[in-house]
Amino acid sequence: MAAAKTPPGATGTGGSKGVKGSSRLNGPGRLGGSLRAVGRALHFPVTGTARGIRKATHAHGAGESGLGKLIELHGVNGAGDVMITVALASTVFFSVPTDEARGRVALYLAITMAPFTLLAPVIGPLLDRVPHGRRAAMAGAMLARALLAIVLSGAVVSGGLELYPAALGVLVSSKAYGVVRSAVVPRLLPPRFSLVKANSRVTLGGLLATGIAAPVGAGLQQIGPRWPLFGAFVLFVAGTILSFTLPPKVDSAKGEDRALLAADEQHLHGPHRQPVKRPGLRTVGPAVTHALAANAAIRCLTGFLIFFLAFLLREHPVSGQSAAVSLGIVAVSAGVGNAVGTAVGAWLRSRAPEIIIVVVVACVAGAAITAAVFFSAVLVAALAAVAGFAQALAKLSLDALIQRDVPEVVRTSAFARSETLLQMSWVLGGAVGIVVPLNGTAGLAVGAAIVGTGWLTTVRGLLGSARRGGPGRARVA
C-alpha cells in the first residue's frame with residue numbers, strides 16, 4: 001500500500017521549502033513595513049505640526065476667505081525679521097562695550113532710521129498708486145529682504161559699511177510689507193468677521209512665529225554670526241512663494257479711494273456731501289485722528305523703552321543675571337503682554353474703542369510713573385508687559401474705529417497711512433531712548449512724560465467722540 005503524500009505546507013522537504021519561501025517573501029515585507037512605520041513616526045512631528053497650524057489658521061472661514069494664508073505669511077515674515085534682528089543685535093550691540101555700543105547704535109539709527117523716516121511717508125501713498133499689484137508688492141518685499149540677508153551675512157563678518165544700507169533696505173522692505181498687509185486684511189474678511197478679530201488673528205500668528213524663531217535664531221548665532229541670516233534668507237524665499245498663494249481678490253482695488261488724515265469738518269466730503277475738485281480725499285474723522293495720536297504716544301514709548309532699557313540693563317542687569325538674560329526677561333514680558341492684549345482685543349470685539357484707548361493709555365502712563373518712582377527690576381518688567389498689552393489693545397481699537405467711521409472706499413488707504421505714522425513715532429521714541437542718560441528713574445520719567453502727554457492731548461477728544469457716537473457703527477462678529 002503506497003504511503004500517503006505529505007502536503008507540501010506541512011512537513012518534509014516540500015514543507016521546508018514552503019517555509020523558506022514564505023520567510024523570503026515576508027521578511028523584506030516586514031522590514032519595509034517597519035521602515036515605513038519609523039518614517040511615519042519621524043515625519044509626524046513635522047506633518048502633525050503643519051496640520052495643526054493649518055487647522056488653527058484656517059478656522060471659522062479663514063481658510064475659504066484667504067485670511068488663513070495671510071496669517072501664515074505674516075508668521076513667516078515675523079520669523080524672518082527676528083532672525084535678522086538677532087544677527088544685527090549681536091553685531092552692533094552685544095559684541096562691544098556699552099559706551100561703544102551706544103555710539104554704534106546711534107550711528108545705526110542715524111544712517112538707517114533717518115532716511116527711513118523720510119521714506120516711510122512716501123511708501124503708503126506710493127503703494128496706493130499700484131493697488132492692483134499687492135501680491136507682487138508683498139512678494140517683492142520678501143525677496144528684497146532675502147537678498148539683503150545674504151548681503152548682511154557678509155557684512156556681519158567683515159564689518160563693512162554695506163551693513164548700514166543693507167539694514168536700511170531691510171527696514172524699508174519690512175515697512176512696505178506692513179503697509180500692504182494692512183491694506184490686504186479688509187479684502188480677506190470671512191463672513192461675520194470684524195476687522196479687529198481678523199487683525200488680532202494675524203498679529204497673534206506673527207507673535208507666535210516670532211516667539212518660536214527667536215530661540216532658534218539665538219541657537220544659530222552660537223554656530224556663527226552668519227547663520228541667523230541664512231535662516232532669514234530661507235524664510236523670506238518661502239514668504240515670496242507664499243505671497244502668490246493669496247487669493248487674486250487682494251489685487252482688486254474696486255471701489256477704493258485714497259484717504260486724508262485730517263479731522264476738520266471742512267475736508268469731509270464724498271457722496272453724502274457736496275462734490276469738490278478732489279473727491280478722492282476724505283477725512284477719517286476726529287475719533288480716528290485722536291485715537292491715532294494716542295496710539296502714536298504708545299508706539300513712541302515702546303521705541304523709547306526698547307533702546308533705553310537695552311543699554312540700561314547692559315550696564316545694570318537684573319540682580320544675579322547677565323545682561324542678555326535681563327534683556328530676555330523684559331522682552332518676554334513685553335511679548336506676553338502684547339499677546340494678552342491681542343487676545344483681549346479679539347474678545348472685546350471692538351466694544352467702546354474710544355473708552356478702551358483712554359483706559360489702556362492711562363494704565364501704561366500709571367505703570368511708567370510707578371516704575372520711575374519705585375524703580376526696580378520687577379517694575380521694569382511689569383512696565384514692559386503693560387506697554388505691550390496697551391500697544392496691542394489700543395491698535396486693535398484704532399482698527400475698530402477705522403472700520404466704524406471711515407467709508408469703505410478709503411478704508412484701505414487709511415490703514416496704510418496710519419501704520420506709516422505709527423512707525424515714525426516708534427523711530428522718534430527710539431532716538432530719544434539713545435540719548436537719555438542711563439539713569440533708571442530719570443529715563444522712565446521721560447517715558448512717562450511721553451505717554452502722559454499723548455494721553456492728556458487726546459483724552460478729551462476721545463471721550464467726546466464716545467459720548468456723541470461714531471457715524472455708521474458697523475455690526476461686527
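**Close-up views of a predicted model**

**View 1. A span from the UniProt record that is helical throughout.** Over residues 287-313 the chain of this predicted model is 100% helix and 0% strand, with the end C-alpha atoms lying 38 Å apart. These residues belong to the "transmembrane region" annotation in the unreviewed UniProt entry, which also covers, among others, residues 105-124, 201-221 and 442-463.

**View 2. Residues 227-246, another span under the UniProt annotation "transmembrane region".** Here the chain is 85% helix and 0% strand, and the C-alpha atoms at the two ends of the span are 29 Å apart.

**View 3. A salt bridge between helix α5 and helix α3.** Of the two salt bridges that the structure holds, one joins arginine 145 to aspartate 81, and the closest N and O atoms of this pair are 3.0 Å apart. The pair links distant parts of the chain, since arginine 145 is in helix α5 (residues 134-158) whereas aspartate 81 is in helix α3 (residues 67-94), 64 residues apart. Arginine 145 is buried, its relative accessible area being 0%, and aspartate 81 also counts as buried because its relative accessible area of 19% falls under the 20% cut-off.

**View 4. A salt bridge within helix α12, formed by aspartate 399 and lysine 395.** The side chains of aspartate 399 and lysine 395 meet with an N to O distance of 2.8 Å. Because the two residues are four positions apart in helix α12 (residues 377-405), about one helical turn separates aspartate 399 from lysine 395. Both aspartate 399 and lysine 395 are buried. Side chains of opposite charge can pair when their charged atoms come close.

Notes. Residues are numbered from 1 along each chain as its sequence is written. This is a predicted model: local features need pLDDT of at least 70, side-chain atom pairs count only at pLDDT 80 or more; totals for chains, interfaces and linings use all residues. Side-chain values use heavy atoms; hydrogens and water are left out. A salt bridge is a side-chain nitrogen of Lys or Arg within 4 Å of a carboxyl oxygen of Asp or Glu. Buried means under 20% relative accessible area, exposed over 50%, partly exposed in between (1.4 Å probe, protein chains only). UniProt positions are given in the numbering used here, feature names are shortened, and annotations may be inferred rather than shown by experiment.
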